[in-house]
Amino acid sequence: MAEKVLEDWMGSLAPRLSTLPLANLAIPGSHDSFSFWFDEKSPVGPDQAASIKRLARISLVKKLMKKWSVTQSLTFKEQLESGIRYFDFRVASKPEEAGEEIFFVHGLFGIKVCDGLTAIDTFLTHHSKEVVLLDFNHFYAMKPVHHVYLINTLQEIFGNKLCMTEQVENVTLQYLWKKGFQVLIFYHYPVSQEYPFLWPGRKMPAPWANTTNVHKLLQFLETTLTEQSRHGTFHVSQAILTPRLKTVLRGFKTGLKNTLVERSSHSFCETFLEEYQYKPV
């Protein structure tokens with residue numbers, strides 16, 4: 001029963017909440033949402049420095065990279081079933097390969113973007129009152145032809161589910177349900193101006209604390225959230241700690257999950273979400 005509630009939590013909200021601007025709801029999201037699987041056999045991604053690419057010729061280095069690239073343990077379907085509705089995307093072409101195919105990337109290449117988007121669309125088709133926010137915020141090795149390919153893919157997969165750009169304060173769940181919209185796409189690249197269904201990146205700012213200290217992180221989140229509530233945009237509260245070199249060395253074999261994620265998640269859930277559960281996210 002609890003799983004069913006998470007799958008359909010938006011459709012189950014009280015009427016007073018479904019009439020609030022979507023930006024005023026605390027919407028659960030995931031960081032590097034696609035990073036539940038990486039291809040160790042593929043080249044290192046174009047998001048990495050040349051020195052890392054040279055080191056990665058050693059097979060052991062790639063295995064260690066994978067431990068630090070993975071930030072999620074659930075697939076898109078499983079994340080959606082668990083209530084996640086905001087997805088953080090980094091995408092790239094494979095410069096070594098011909099064609100226009102786009103992949104998710106975080107140090108190593110993940111699954112094809114079209115496969116991930118199809119999984120999300122399948123879920124939405126079966127849950128007509130659920131809405132997702134897809135944030136394409138990093139692009140690597142992408143020429144204009146790759147952007148055209150990706151944007152056409154978005155149109156082909158989501159079709160009439162795509163929400164046209166609108167004043168943020170006008171976008172409520174009731175508004176989206178009436179229009180049949182289920183997908184808001186934020187595209188951090190100038191080409192977004194040419195397509196009415198691509199929300200410009202400035203409408204989804206994601207300030208970054210860049211710290212390993214939980215107390216500093218919570219202070220930063222409180223400050224930026226208060227400031228952003230006045231700007232007429234959506235807002236990402238990045239409740240993540242950023243590893244320093246000594247953090248990486250200390251957790252060399254275990255990866256992110258056992259060094260930073262568990263340390264930050266408890267404090268965040270206990271203090272931040274409890275205080276701001278109905279404020280902009």
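Student: What percentage of the 281 residues in the chain do the buried residues make up?

Tutor: This is a predicted model, in which local features need pLDDT of at least 70 and side-chain atom pairs count only at pLDDT 80 or more, while totals for chains, interfaces and linings use all residues. Residues are numbered from 1 along each chain as its sequence is written, and side-chain values use heavy atoms, with hydrogens and water left out. A residue is buried under 20% relative accessible area, exposed over 50% and partly exposed in between, with a 1.4 Å probe and protein chains only. On that definition, the buried share of the 281 residues is 48%.

Student: Over which residues does pLDDT stay under 50?

Tutor: The score pLDDT is the predictor's confidence in each residue, from 0 to 100, and in this chain it averages 85, with 77% of the residues at 70 or above. Where pLDDT is low, the predicted coordinates should not be read in detail. With contact taken as heavy atoms within 4.5 Å, the model has 18 contacts beyond four places in sequence for the stretch whose pLDDT stays under 50, residues 277-281.

Student: What share of the contacts with a separation of 6 or more is between residues 24 or more positions apart?

Tutor: Helices (H or I, at least four residues) and strands (E, at least two) are DSSP runs, numbered from the N terminus, and the chain has 11 helices and 7 strands. Among its contacts with a separation of 6 or more, the part that joins residues 24 or more positions apart is 73%.

Student: Why do the buried residues of α4 lie on the same side of the helix?

Tutor: In α4, which spans residues 59-69, the buried residues are Lys62, Leu64, Met65, Trp68 and Ser69. The face turned away from them carries the exposed residues Ser59 and Leu60. An α-helix has 3.6 residues a turn, so residues three or four places apart point the same way. The buried residues are on the same side of α4 because the arc that they cover, taken from the directions from the helix axis to the C-beta atoms, is only 165°.

Student: Which helix gives the largest share of the largest nonpolar core?

Tutor: A nonpolar core is a set of buried Ala, Val, Leu, Ile, Met, Phe, Trp, Tyr and Cys residues joined through side-chain atoms within 4.5 Å, and the largest one here holds 38 residues, of which Phe89, Val91, Leu134, Phe136, Phe158, Ile185 and Tyr187 touch the most other members. At least two residues each come from α5 (76-81), β2 (86-92), α6 (113-126), β5 (132-140), α7 (144-158) and β6 (183-187). The largest share, 6 residues, is supplied by α6.

Student: How many residues are in the second core?

Tutor: Phe89, from the largest core, is in contact beyond four places in sequence with residues including Phe34, Phe76, Leu117, Leu134 and Phe136. Separate from the largest core is a second one, whose members include Trp9, Tyr86, Val131 and Val171, and its number of residues is 23.

Student: What is the volume of the largest cavity?

Tutor: On a 1 Å grid over the protein atoms alone, a cavity is a set of points where a 1.4 Å probe fits but cannot get out, and lining residues have an atom within 4 Å of a point. The lining consists of Glu101, Ile102, Val113, Cys114, Tyr149, Leu150 and Thr153, with α6 and α7 as the elements that give two or more of these residues. The search of the whole structure finds 1 cavity of 30 Å³ or more, and the volume of the largest, counted as the space filled by probe spheres set on grid points joined across faces, edges and corners, is about 30 Å³.

Student: Is Asp32 buried or exposed?

Tutor: Asp32 is in the loop between β1 (29-30) and α3 (50-55), and its phi is near 45°, a positive value in a residue other than glycine. Ala141, in the loop between β5 and α7, also has a positive phi, of about 50°, and at 35% relative accessibility Ala141 counts as partly exposed. Asp32, with a relative accessible area of 0%, is buried.

Student: How far apart in space are the C-alpha atoms of Leu80 and Gly29?

Tutor: Leu80 belongs to helix α5 and is buried, with a relative accessible area of 0%. Beyond four places in sequence, Leu80 is in contact with Leu6, Glu7, Arg85, Phe87, Ile120, Phe123 and Val132. Although Leu80 and Gly29 are 51 residues apart along the chain, their C-alpha atoms are separated by 9.7 Å.

Definitions and conventions. On a 1 Å grid over the protein atoms alone, a cavity is a set of points where a 1.4 Å probe fits but cannot get out, and a pocket is an open set with protein on both sides within 12 Å along at least five of seven lines; lining residues have an atom within 4 Å of a point.
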